[in-house]
Amino acid sequence: MEKEQHEQYEYARKRLNQKKRLYFHFVLFLLGSIFLSITNHFEAFGYTTNWAIWVITVWTFLFILHFIKVFITDRFMNKDWERDQIDRLVTQQQRKLDQMQKEVDEDSSIKPQ
């Protein structure tokens, strides 16, 4: 029982750290986007094109990937999901083995005369 509680605690701690890093990434994204837009507006670094839009677009894509990993992928594909998948595959394999054993038993019970 204590092992299960420890696993639940570790899972909760891991999820909390993931969400914390995602929120930090979001704040950093907002502040960075503002900084890049202001820098681009004043044509800093000698560029006259809208280079900040491209940087912010790439950064948005990376943030969306981070969001998907934290709230979709890791939420559904946790240890319980892994255990369920393993149990399902073991059950399928056991059914196939039972079927093969049944076929072997049937073949061996029918003796040629």
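Helices here are DSSP runs of H or I with at least four residues, numbered from the N terminus. With that in hand, Leu-89 can be placed in helix α3. Please keep in mind that this is a predicted model. The briefing below looks at a nonpolar surface patch of about 1000 Å², a largest pocket holding about 390 Å³ of space, and 2 salt bridges, and then turns to two pairs of residues set apart in sequence.

**The nonpolar surface patch**

- Val-58, Phe-61, Leu-62, Ile-64, Leu-65, Phe-67, Ile-68, Ile-72, Phe-76, Met-77 and Trp-81 together make a nonpolar patch on the surface, with an area of about 1000 Å².
- Helix α2, which covers residues 51–76, supplies the largest share of this patch, with 9 residues.
- Trp-81, one of the patch members, sits in helix α3, which runs over residues 79–109.
- Trp-81 has a relative accessibility of 35%, so it counts as partly exposed; patch residues need over 30% relative accessible area.

**The largest pocket**

- The largest pocket contains about 390 Å³ of space, and 15 residues line it.
- Closest to the centre of the pocket are Glu-7, Tyr-11, Asn-78, Lys-79 and Asp-80.
- Helix α1, residues 2–41, and helix α3 each contribute at least two residues to the lining.
- The most lining residues come from α1, which gives 8.
- By character, the lining divides into 10 charged, 3 polar and 2 nonpolar residues.

**Salt bridge between helices**

- Glu-7, already met among the residues closest to the pocket centre, has its side chain in a salt bridge with that of Arg-83, at 2.9 Å from N to O.
- Because Glu-7 belongs to helix α1 and Arg-83 to helix α3, this pair ties together parts that are 76 residues apart in sequence.
- Glu-7 has a relative accessible area of 32% and is therefore partly exposed.
- Arg-83 is also in the partly exposed class, at 38% relative accessibility.

**Salt bridge within helix α1**

- The other salt bridge joins the side chains of Arg-13 and Glu-10, with 2.7 Å from N to O.
- Arg-13 and Glu-10 are 3 residues apart in helix α1, so about one helical turn separates them.
- Arg-13 is partly exposed, its relative accessible area being 39%.
- Glu-10 is partly exposed too, with a value of 28%.

**Two pairs set apart in sequence**

- Leu-89, the α3 residue named at the start, is partly exposed, with a relative accessible area of 47%; exposed would take over 50%.
- From Leu-89 to Leu-22 there are 67 residues in sequence and 34 Å in space, C-alpha to C-alpha.
- His-66 lies in helix α2 and is partly exposed at 22% relative accessibility; buried would mean under 20%.
- His-66 and Arg-21 are 45 residues apart in sequence, and their C-alpha atoms are 9.5 Å apart in space.

Conventions: Residues are numbered from 1 along each chain as its sequence is written. This is a predicted model: local features need pLDDT of at least 70, side-chain atom pairs count only at pLDDT 80 or more; totals for chains, interfaces and linings use all residues. Side-chain values use heavy atoms; hydrogens and water are left out. Patches are made of residues with over 30% relative accessible area and no salt bridge: like charges are joined within 9 Å, nonpolar side chains (Val, Leu, Ile, Met, Phe, Trp, Tyr) within 5 Å. Accessible areas come from the Shrake-Rupley method with a 1.4 Å probe; for residues, only the protein chains shown count as cover. A salt bridge is a side-chain nitrogen of Lys or Arg within 4 Å of a carboxyl oxygen of Asp or Glu. Buried means under 20% relative accessible area, exposed over 50%, partly exposed in between (1.4 Å probe, protein chains only). On a 1 Å grid over the protein atoms alone, a cavity is a set of points where a 1.4 Å probe fits but cannot get out, and a pocket is an open set with protein on both sides within 12 Å along at least five of seven lines; lining residues have an atom within 4 Å of a point. Grid points are joined across faces, edges and corners, and a volume is the space filled by probe spheres set on the points. Ala, Val, Leu, Ile, Met, Phe, Trp, Tyr, Cys and Pro count as nonpolar, Asp, Glu, Lys and Arg as charged, and the others, Gly among them, as polar.
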